[in-house]
Amino acid sequence: MLLARMNPQVQPENSGADAGAEQPLRARKTAELLVVKERNGVQCLLAPRDGDAQPRETWGKKIDFLLSVVGFAVDLANVWRFPYLCYKNGGGAFLIPYTLFLIIAGMPLFYMELALGQYNREGAATVWKICPFFKGVGYAVILIALYVGFYYNVIIAWSLYYLFSSFTLNLPWTDCGHTWNSPNCTDPKLLNGSVLGNHTKYSKYKFTPAAEFYERGVLHLHESSGIHDIGLPQWQLLLCLMVVVIVLYFSLWKGVKTSGKVVWITATLPYFVLFVLLVHGVTLPGASNGINAYLHIDFYRLKEATVWIDAATQIFFSLGAGFGVLIAFASYNKFDNNCYRDALLTSSINCITSFVSGFAIFSILGYMAHEHKVNIEDVATEDGRHGGCHHRPGRRLPGPEATPETLHIWRHLQHLPSRPVLHNQGVDRFSNDIQQMMGFRPGLYWRLCWKFVSPAFLLFVVVVSIINFKPLTYDDYIFPPWANWVGWGIALSSMVLVPIYVIYKFLSTQGSLWERLAYGITPENEHHLVAQRDVRQFQLQHWLAI
């Protein structure tokens with residue numbers, strides 16, 4: 001049969017000689033695409049109408065999409081934060097709440113965003129035609145992505161600087177005697193529990209060559225007295241950042257046709273490196289102690305609320321739901337793509353990566369503790385910098401760490417409560433959309449999660465994030481109050497877009513109060529129903545249907 005996903009007032013082109021002429025030109029151009037659907041599924045799509053609409057490009061290969069999603073979702077939250085949280089919260093016992101939240105919240109949200117983007121074939125902002133009032137959520141997500149881009153691009157620039165610095169016979173972070181080293185710089189081979197003394201943890205010792213190369217050689221923190229004294233940019237880091245931006249530009253300038261090829265490197269190379277680190281790590285002396293510490297099981301920890309809070313927040317931030325990226329990626333899929341299978345596959349890969357990363361990380365931490373005769377807890381801390389990723393001796397690279405001001409901004413960004421994707425058109429209608437794409441409706445489990453469990457989970461994460469907020473410190477440095485207010489201002493700069501757009505849309509819409517509300521909460525392709533006073537969003541059955 002022939003299905004036209006368009007404004008219902010628009011008639012198909014072959015419906016009669018006078019049908020097209022009776023409709024305003026503007027209305028005829030609202031048709032988005034034609035889908036030829038046969039018994040075996042969608043066979044053809046994207047026929048532009050009137051020559052004014054360009055067909056949306058699709059991924060060159062299915063694997064391009066899958067690698068893009070995996071490359072986006074797998075990040076430092078998987079490689080470092082999960083292993084540390086697992087170690088801190090009862091070891092193997094932590095997998096119980098983690099897996100539970102993955103099943104009841106993480107996977108449903110992942111599936112929902114992929115299906116939403118694939119069906120509507122829109123990005124994070126324009127997809128909100130399903131509920132015009134909340135288009136500001138899309139703009140907020142875009143602004144957040146801009147902030148996160150600043151953050152991650154700087155980290156990549158630091159990594160690039162380390163890469164260039166490694167092209168020497170002797171790595172500059174393995175020994176003292178360089179221009180940036182302080183008189184207190186200590187050979188890491190001499191560090192052990194007796195040398196540190198005074199209950200000083202190895203992770204807090206700041207005079208190793210690796211620590212001083214990072215803080216003094218790269219960031220020049222010793223030249224600044226605080227956030228009020230940022231100083232001039234380091235030209236070496238500025239050049240590295242320019243290289244990163246240029247590479248990103250040429251990776252994206254032709255859309256998914258080029259980015260889909262780039263991810264073959266950017267998404268697979270980290271797994272190769274992780275595999276090398278894992279094989280090397282488990283062969284080191286003391287590695288078994290680190291792995292035992294990682295996997296020790298303490299079921300009594302499950303009685304503590306913080307364990308469940310950590311599991312919930314880790315699932316949410318690790319999968320990357322709410323950034324709008326999954327919606328954008330899925331919008332380039334073919335209309336009949338099985339996004340249900342994709343959601344299960346990619347979210348599972350994400351979480352398995354987190355678990356496997358723990359073996360690589362803690363085998364090395366076990367070796368460090370063994371080498372310097374200290375306890376595992378002395379080298380394993382949450383931010384990764386103190387966990388030896390920064391202050392590690394020898395040839396190990398320090399992990400990425402923001403400058404104080406960037407860390408401050410990021411801490412607030414991860415607490416933004418502007419991530420939930422709303423389903424104003426109703427779970428029942430959304431299920432029909434999925435059936436139109438893939439030939440089957442989501443099961444009752446998924447519909448219940450979307451309707452009740454996932455919204456409650458998101459509200460829980462937001463509330464807990466705000467309650468647990470603490471003013472940021474950097475080692476012994478305490479940020480001044482004005483710096484905290486600047487951070488909150490940056491965070492609010494995205495959140496305020498949501499109410500601002502609601503007010504703008506309400507005031508710019510013509511009609512009575514009832515009509516303005518109806519147009520604001522009704523999907524754009526159902527606006528003709530407002531004139532007929534048939535607005536299902538004003539009916540209780542709409543909100544209860546699953």
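This report walks through a predicted model of one protein chain, from its overall make-up down to a few single residues.

**The chain as a whole**

The chain has 546 residues, and 49% of them count as buried. DSSP runs give 25 helices and 5 strands. If you look at contacts with a sequence separation of 6 or more, 77% come from residues 24 or more positions apart. The accessible surface adds up to about 26,500 Å², with 65% of that belonging to carbon and sulfur atoms.

On confidence, the mean pLDDT is 79, and 79% of the residues reach 70 or more. Two stretches with pLDDT below 50 are worth having in mind: residues 1-52, with 72 contacts in the model beyond near neighbours in sequence, and residues 384-402, with 73 contacts counted in that way.

**The nonpolar cores**

Which residues touch the most other members of the largest nonpolar core? They are Y111 and F457, in a core of 75 residues. Helix α5 (residues 95-120) is the top contributor here, giving 13 residues. Beyond its neighbours within four places in sequence, Y111 is in contact with C339, Y340, A343, I434, M438, F440, P442, W446 and W450. There's also a second core, separate from that one, with 22 residues, among them Y151, L160, Y161 and L472.

**Helix α20**

Helix α20 covers residues 444-467, and its length is easy to check: 24 residues at 1.5 Å a residue should span 34 Å, and the end C-alpha atoms sit 33 Å apart, so the two agree. The helix does have a bend, though, of about 50 degrees at W450. W450 is also one of the Y111 contacts, as is W446.

Both of those tryptophans are buried, and so are R447, C449, K451, S454, F457, L458, V461, V462, V464 and S465 of α20. An α-helix has 3.6 residues a turn, so residues three or four places apart point the same way. What do the buried residues of α20 pack against? Their partners are α5, α13 (305-319), α15 (339-372), α19 (427-438) and α25 (540-544).

**A buried aspartate in α15**

D342 lies in helix α15. Is D342 buried or exposed? Its relative accessibility is 2%, which means D342 counts as buried, given that the cut-off is under 20%. Leaving out residues up to four places away in sequence, D342 touches K62, F65, L66, L114 and N337.

**Two arginines with positive phi**

Most residues other than glycine have a negative phi, and most peptide bonds are trans. Two arginines are listed here for their positive phi values, R121 and R533.

| Residue | Phi | Loop | Relative accessible area |
|---|---|---|---|
| R121 | about 50 degrees | between α5 and α6 (135-165) | 5% |
| R533 | near 60 degrees | between α24 (528-531) and α25 | 52% |

Where do these two stand on burial, buried or exposed? R121 is buried, because its 5% falls under the 20% limit. R533 counts as exposed, because its 52% is over 50%. R121 sits in the loop that runs between α5 and α6, and α5 is the helix that gives the most to the largest core. R533, for its part, is in the loop between α24 and α25, and α25 is among the helices that the buried residues of α20 pack against.

Conventions: Residues are numbered from 1 along each chain as its sequence is written. This is a predicted model: local features need pLDDT of at least 70, side-chain atom pairs count only at pLDDT 80 or more; totals for chains, interfaces and linings use all residues. Side-chain values use heavy atoms; hydrogens and water are left out. A nonpolar core is a set of buried Ala, Val, Leu, Ile, Met, Phe, Trp, Tyr and Cys residues joined through side-chain atoms within 4.5 Å. Buried means under 20% relative accessible area, exposed over 50%, partly exposed in between (1.4 Å probe, protein chains only). Helices (H or I, at least four residues) and strands (E, at least two) are DSSP runs, numbered from the N terminus. Contact means heavy atoms within 4.5 Å. The expected span of a helix is 1.5 Å times one less than its number of residues. The bend at a residue is the angle between axes fitted to the seven residues ending there and the seven starting there. pLDDT is the predictor's confidence in each residue, from 0 to 100. Accessible areas come from the Shrake-Rupley method with a 1.4 Å probe; for residues, only the protein chains shown count as cover.
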